[in-house]
Amino acid sequence: MKTFQKIENETLYFSSCKECEAHCCNGEMGTLYAQIILEDFEKVYKKFPILFIYGELGYLKPVILLTNGKEFCRYVENNLCSIYEKRPSICKNYPLSAHLDNSIYIDKNCPAVGDKGTTIVEKGKINKQFNNYSFSNYQARYINTHFCFEEINNKNYLQKAITLNNINFYKFIKDFDDKYVNYHLKSLKNLDDYYFKAQA
Ligand code: SF4
Ligand code: SF4
């Protein structure tokens, strides 16, 4: 199970995935979906369903379904990611995670995080090798994503697409002249297969 903790002024190291059986890609270990920002849509829509969940205040949050909640991500082969260069940024970031408060969080349950290996975070700052756009001003990117869907956040335009682990995921049933909604609609072909439907 992932448990992210805020990084303060620590220095942390990342050893290797070699001894791990892809825990972070395993639906049985709690990996199901990840929230995404607008910059991610084009990168993920061909390989993952992009769906929506409702946030606490009723706003829409776009997410990608990484697993069906029971099995490994379909792109795991021999405990490794078979789309490594093209994996979503959320996977590239892991065990780090960007946060709405613009702090960086880390999952210390990842077995590779510890006091050996490559420096992943030095005195609270991410090593260049692990850094990418999503860690830069995440709060503004998150808010921008939120406003992008706020205008079309209408229950009449949305329908439940799938329920996994008691979480309802929604899709748009109305076509909009909006490139992000179009990526979402195109991504739905990834839902129409046995991997997801058998678990719904
Ligand atoms: S990132 Fe961590 S949890 Fe994921 S495969 Fe590597 S060692 Fe395992
Ligand atoms: S895309 Fe790759 S890294 Fe991400 S969950 Fe799937 S197998 Fe794991």
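Start at the hairpin of β13 and β14: just two residues sit between the strands, and N165 takes a positive phi near 50° there. Keep in mind that this is a predicted model. The two arms are β13, covering residues 158-164, and β14, covering residues 167-172, and they pair in the antiparallel sense over six bridges. If you want a handle on the register, look at Q159, whose bridge partner in β14 is K171.

Now for some background on what such pairing involves. Strands of a sheet are held to each other by backbone hydrogen bonds, in either a parallel or an antiparallel arrangement.

With that in mind, move on to an open sheet of three strands, ordered β1-β9-β8, where the pairing is again antiparallel. β1 (4-6) and β8 (96-98) stand at the edges with a single partner strand each, so one side of each has no neighbour in the sheet. Going from one strand to the next, the twist averages 35°. Zoom in on β8 and you'll find three bridges joining β8 to β9 (residues 104-107), the two running antiparallel. Here S97 makes a good landmark, as S97 stands opposite Y105 in β9.

Last stop: ligand 2. What surrounds ligand 2? The answer is C25, L66, C73, Y75, V76, C81, I83, R87 and C91. Sorted by character, the shell around ligand 2 comes out as eight nonpolar residues, no polar ones and one charged. The charged one is R87, because Arg counts as charged while Cys, Leu, Tyr, Val and Ile count as nonpolar.

How values were computed
Residues are numbered from 1 along each chain as its sequence is written. Chains are lettered from A and ligands numbered from 1 in the order in which they are written. This is a predicted model: local features need pLDDT of at least 70, side-chain atom pairs count only at pLDDT 80 or more; totals for chains, interfaces and linings use all residues. Two strands pair if DSSP finds at least two bridges between them. Helices (H or I, at least four residues) and strands (E, at least two) are DSSP runs, numbered from the N terminus. Axes are lines fitted to C-alpha atoms, for helices over the stretch in contact, and angles run from 0 to 180 degrees between N-to-C directions. A residue is near a molecule or strand if its C-beta atom, placed from the backbone, lies within 6 Å of it.
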